[in-house]
Every structure is written in C-alpha cells, then in structure tokens.
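User: Please take a close look at one part of this model for me, beginning with any helix crossing you can find. After that, I'd like to hear about the side chains and loops that stand out.

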Amino acid sequence: MHSVKFKHPEQAYIFPKLLDAVNRVCNDFQKDAECSAGYRSLDCQKATAKLVLAQNKGSYQLNDGSVYIGTGSNRRCLAAAYGKSNHCFCIAMDMNGWFEELTNCQLKKYGLVKPMSYEPWHVQLIEHTGISEEQKIAIRNSCLKGVNCTMNVKDFQSMTGLVNDGIPGPNTKCKAKEVLQVCQEILGHDFTNAEDIIKRTQSNPEYWLPKLKEIKYFDSFIVNIVKVLGCKDK
Ligand SMILES: [Zn+2]
C-alpha cells in the first residue's frame, strides 16, 4: 500500500474523499508521495504569507493578507487572502515531487484537478470547483470536528474551581473522575453490565454475546475493563 505522507502532521485534516483520491493515485503509481501543505489554520496562513513575501522579490501584501507580484495584467496572486485559500477549507493539497509531473488528463479519472497551471503541486477534487463559500465552510466544519476542542490540565482546573497549577495531583484526579461520570451519563456510556457493553460497543455483538455463557468470568472481565477506563469505583 502506497500513500501520502504529511510533511506537517497538523495539516492532515483533509476532506476524506480528496485524501482517498490522492492515495489511489499513489497506489496506482506504486509510490508514496509527500504533501507539503494540507489544511492551513489562520496562524499557518499568516506564516505562509510571510514566507512567500520573503521568497519573492517585489511581492507585496494587501490588507486582506493576500500576496501579489507584478501589476496590471501581469499581476499574479502568490498567496490567497487570509481564510480564503482552499487550504483553509481542507479541500486542497500541495503535493511534492513526482506528483507535480501528473497532468490533469491523468488525474481526471481520480476525480482530481490542478486548477492553476502555475501551481503544478496544488490538487483538489473536480467536484469542488466553483462551490460556494458556505459549502466550503460546511466541509471544513465536518473535517475539523473534534479538533481544537481539547482542554489542558490548567483549563480544566480553572473551570472546576481548583488551584490551576497544571499538575494533575490527587484533587485534580478526583475532580476528573467526578466529571467523567457525568460525561458518561450525558453521552450514554454509563454501562451497567457486560451484555449492555457488548451490544453498544461491538460491531458484531451476536458473536460475543454467547461467549458470556461459555467463558467463565468473561462478563466480569469486560465490566472490569469498563470500570477501569471509566474510573468507576469497584
Ligand atoms: Zn496549494
């Protein structure tokens, strides 16, 4: 299996169909490929604009963050306005090396296109050509679901009224257990017995359920795992 590797792992939030298509190209050509730019956050876009400015003599930046070179009919966009690049919507990938040699004719059967002839590294899905910003935002929201929702120990301590020293000591651990119980109730993960656990967590419960009767202590084995992972007192 050949696949795409991300130069910057934090940029790997890509619309799944686009990522699949690029991986299929890798497989057919029997080569791995490198993605030098995938999803760009605003911070990342600002850094990119700065780099483009430094690397292109005579380039200039507009108020919206976009970077251009040349004037009049010779004017060329080197970096899109902040938040406007398709990289910000998880629907574009910059592919290094051999991928740059591929033509739109070759990419068509994968549903891919290089929309800008002067950027032979930039690929997108054909189906995303000309979609509205509203649609792009919906795609980005679906790709970034769950991302940036993390909380660090200090945030947790502040939120729960503890001393926020960032150290997960006994008080913090105790509070985390309390909160976890509530979270499990909210999410419906407050399992009560092995049968319930199997039915709600296994894709083929019919395989596992009879084992409860066949294997001694199998039910307590399962319940204990959940107790430990769920921090429930025995
Ligand atoms: Zn690009």
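Analyst: Happy to! The crossing of α7 and α8 is right-handed, meaning that the near helix is turned clockwise from the far one by less than a right angle. Please keep in mind that this is a predicted model, in which local features need pLDDT of at least 70 and side-chain atom pairs count only at pLDDT 80 or more, while totals for chains, interfaces and linings use all residues. Residues are numbered from 1 along each chain as its sequence is written, and side-chain values use heavy atoms, with hydrogens and water left out. Helices (H or I, at least four residues) and strands (E, at least two) are DSSP runs, numbered from the N terminus.

Back to the pair: α7 covers residues 194-201 and α8 covers residues 205-214, and they pack at about 165° with their axes 9 Å apart. These axes are lines fitted to C-alpha atoms over the stretch in contact, and the angle, on a scale from 0 to 180 degrees, is taken between N-to-C directions. The angle therefore makes α7 roughly antiparallel to α8, a label for angles over 145 degrees. At the interface, Ala194, Glu195, Ile198 and Lys199 of α7 meet Pro205, Trp208, Leu209 and Leu212 of α8; contact here means heavy atoms within 4.5 Å.

Just before this pair in the numbering comes α6, residues 170-187. Its 18 residues reach 25 Å from the first C-alpha to the last, close to the expected 26 Å, where the expected span is 1.5 Å times one less than the number of residues. Gly188 follows α6 and has a positive phi, near 75°.

Next, have a look at α5 (153-159) and the loop that joins it to α6. Gln157 sits in α5 and counts as buried because its relative accessibility is 1% (buried is under 20% relative accessible area, exposed over 50%, partly exposed in between, with a 1.4 Å probe and protein chains only). Beyond four places in sequence, Gln157 touches residues including Leu162, Asn164, Asp165 and Thr172. The side chains of Gln157 and Thr172 make a polar contact at 3.1 Å, that is, a pair of N or O atoms within 3.5 Å; within protein, one must be able to donate a hydrogen and the other to accept it, and residues adjacent in sequence count only if both atoms are side-chain atoms. Thr160 lies in the loop between α5 and α6, with a polar side-chain atom 2.7 Å from the backbone oxygen of Phe156. Farther along the sequence, Thr160 is in contact with Lys175 and Val179.

A second buried polar residue is Asp94, in strand β6, at 7% relative accessibility. The side chain of Asp94 makes a polar contact with that of His122 at 3.3 Å. Among the other residues in contact with Asp94 are Glu34, Arg40, His87 and Trp121.

Finally, two loop residues deserve a glance for their backbone angles. Most residues other than glycine have a negative phi. Gln30, in the loop between α1 (16-29) and β2 (33-37), has a positive phi near 55°, and Cys90, in the loop between β5 (76-79) and β6 (93-95), has one of about 65°. Their surroundings contrast: Gln30 is exposed at 54%, whereas Cys90 is buried at 0%.

Conventions: Angles under 35 degrees count as roughly parallel, over 145 as roughly antiparallel, 65 to 115 as roughly perpendicular and the rest as oblique.
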